[in-house]
Amino acid sequence: MSPDDIVAWYGRVAGTNLVAHPRFTHNWLMMGYELMAKKTQINADKRYLPSGNEGYALFMDQIVKGQAHPNRSVITSIFTPNEIFHNMGVLPLTAEAVAAFVSGAQAEHWTINAAEGMGIPETYCSYHKTLLGLSLSGVADPPRMLAATSVACDANNLTFKTLADKWRIPFYYVEVPFEVSRDSIEYVADELRGMRDMAEDAFHAKLYEQKLKESCALSKQTQETLLKALRHRAGHNLHNEMTVDQMEMLNFHLLLGTKGALHLAQTMDRDFAQAEPYHGLNLVWVHVQPFFLSVLGEQINFSQRAQIIASDMMYDCLPPTGAEAKLPGAHENGWLFDPGKPYEFMAERVVRNCFNGSSERRADTVVRLAKATHADGVVVFTHWGCRQTEGASGIIQARAEEAGFPTLILAGDGCDRANCMAGQMKTRFDAFLEQLEAKRVNH
């Protein structure tokens with residue numbers, strides 16, 4: 001029996017018991033997660049650079065702990081500032097992280113079917129359907145609190161409201177204005193103070209502002225180190241694959257403000273600077289990555305033909321440029337606030353996020369990433385149920401191609417393997433890589 005057959009069997013056992021035996025399914029899934037977490041700590045994958053193994057282990061440890069200790073956990077949306085929770089000893093989880101675990105176990109089919117059977121629309125985001133299927137069926141234990149921002153989709157509000165009603169726990173929603181301005185940032189900062197107040201009540205803990213300032217200083221240092229690592233990505237073999245790339249991206253959202261996230265960024269910076277030259281194609285990836293799709297993975301996972309050089313999900317808040325860098329009171333670097341004002345500092349990161357506001361802002365980020373990494377092309381992955389990325393895809397393609405970067409719009413699903421037309425995706429992706437290779441030869 002191959003490793004993939006074993007995982008398929010493991011997921012099938014979980015899925016077929018999901019509705020009838022939710023506690024068994026919970027324990028079964030947790031057993032597998034804990035074994036995998038231990039394996040990543042004991043047996044490093046020699047195909048990765050050290051940062052790859054570090055990122056893998058960091059992600060597994062955070063997600064297993066968060067699900068094993070629900071009384072200490074909070075489920076947040078991906079762009080919610082988590083510095084507040086880390087400084088209260090709380091373990092953040094996200095829908096995307098939980099769903100990625102279920103998908104990795106090949107059990108997402110059953111959780112999605114369970115959610116749809118309970119009235120969740122088929123067209124809803126599959127990450128959120130997976131979380132809802134686990135939760136509404138009784139497999140997932142309730143955390144102490146839920147928190148979300150309006151960045152980047154309406155599903156955050158709808159999913160978290162449904163779970164708050166189901167579990168009868170507090171839910172805090174941060175509404176983020178589209179306009180980048182001092183007023184917008186200060187408005188969100190006040191909302192984050194409200195989130196702090198709710199968290200203190202929910203977890204019976206006190207958040208001290210000095211500790212929060214120190215955590216925000218770690219966030220700033222981590223982001224600056226990631227920017228250094230971005231420069232070193234260009235021209236170097238990253239030894240990456242979609243699975244670990246997605247995990248590293250989630251680490252820098254779940255764990256931003258911690259020493260673990262900073263150390264990972266520093267290891268990446270060192271690894272990429274020292275990595276051997278890469279002569280294959282370099283791709284900027286837009287949105288989530290379907291890590292389970294072998295028809296794509298065989299072309300870009302540890303491949304000499306192509307690799308993912310950067311993604312807008314990891315580099316979602318680049319330093320301000322243009323008019324946004326010249327707001328009244330801005331520092332020389334374009335930012336308005338530093339960690340000395342922690343709530344404003346966190347709020348500015350959310351307001352300036354490329355997923356907030358118009359699609360042009362996200363398109364500009366993609367072009368900046370492509371230029372910084374000397375990318376050969378851009379892949380826009382329009383994940384099922386994500387109306388924002390689907391709507392922005394044409395604008396991103398037009399802006400990227402105008403800047404000289406050929407762009408492929410690839411429709412699929414980053415969570416549900418059954419919702420991907422693998423043959424068609426392989427044909428289109430192969431043709432795109434051939435186009436990029438021909439362009440290199442002609443230039």
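Colleague: Which residue in E4 does Ala147 stand opposite?

Modeller: Ala147 stands opposite Tyr172 in E4. This is a predicted model, in which local features need pLDDT of at least 70 and side-chain atom pairs count only at pLDDT 80 or more, while totals for chains, interfaces and linings use all residues. Residues are numbered from 1 along each chain as its sequence is written, and side-chain values use heavy atoms, with hydrogens and water left out.

Colleague: What makes E3 and strand E4 a pair?

Modeller: Two strands pair if DSSP finds at least two bridges between them. E3 and E4 (residues 171–174) run parallel and are joined by four bridges, so they meet that rule. The strands themselves are DSSP runs of E with at least two residues, and helices are runs of H or I with at least four, all numbered from the N terminus.

Colleague: Why is the crossover from E3 to E4 called right-handed?

Modeller: The chain leaves E3, passes through helix H8 (residues 155–167) and arrives at E4, a β-α-β crossover that comes out right-handed. That word applies if, with the strands pointing away from the viewer, the path from the first strand over the helix to the second runs clockwise. H8 lies across E1, E3 and E4, at about 170° to E3; angles run from 0 to 180 degrees between N-to-C directions, with axes fitted as lines to C-alpha atoms, for helices over the stretch in contact.

Colleague: Which strands make up the open sheet that holds E3, and in what order?

Modeller: Four strands, in the order E2-E1-E3-E4, with parallel pairing. E2 (91–94) and E4 are the edge strands: each has a single partner, so one side of each is left without a neighbour in the sheet. Within the sheet, E1 (residues 73–76) pairs with E3 over three bridges, and Thr76 has Ala147 as its bridge partner. E1 also pairs with E2, over four bridges, where Ile75 is matched with Leu93.

Colleague: How do you know that strand E3 is largely enclosed?

Modeller: Five of the five residues of E3 (residues 145–149) are buried, so the rest of the structure largely encloses the strand. Buried means under 20% relative accessible area, with exposed over 50% and partly exposed in between, using a 1.4 Å probe and protein chains only. Both faces are covered, with Met145, Ala147 and Thr149 on one side and Leu146 and Ala148 on the other. In a regular strand the side chains alternate between the two faces of the sheet.

Colleague: Why does Asp269 count as buried?

Modeller: Its relative accessibility is 9%, and the cut-off puts it in the buried class. Asp269 is found in helix H12 (residues 259–274). Leaving aside neighbours within four places in sequence, Asp269 is in contact (heavy atoms within 4.5 Å) with Thr225, Lys228, Ala229 and His232.

Colleague: At what angle do helix H9 and helix H14 pack, and how far apart are their axes?

Modeller: H9 (residues 182–203) and H14 (residues 342–351) pack at about 115°, with axes 8 Å apart. Among the residues that meet are Ile185, Val188 and Leu192 in H9, and Tyr343, Met346 and Val351 in H14. The contact divides into eight nonpolar, one polar and four charged residues. Here Ala, Val, Leu, Ile, Met, Phe, Trp, Tyr, Cys and Pro count as nonpolar, Asp, Glu, Lys and Arg as charged, and the others, Gly among them, as polar.
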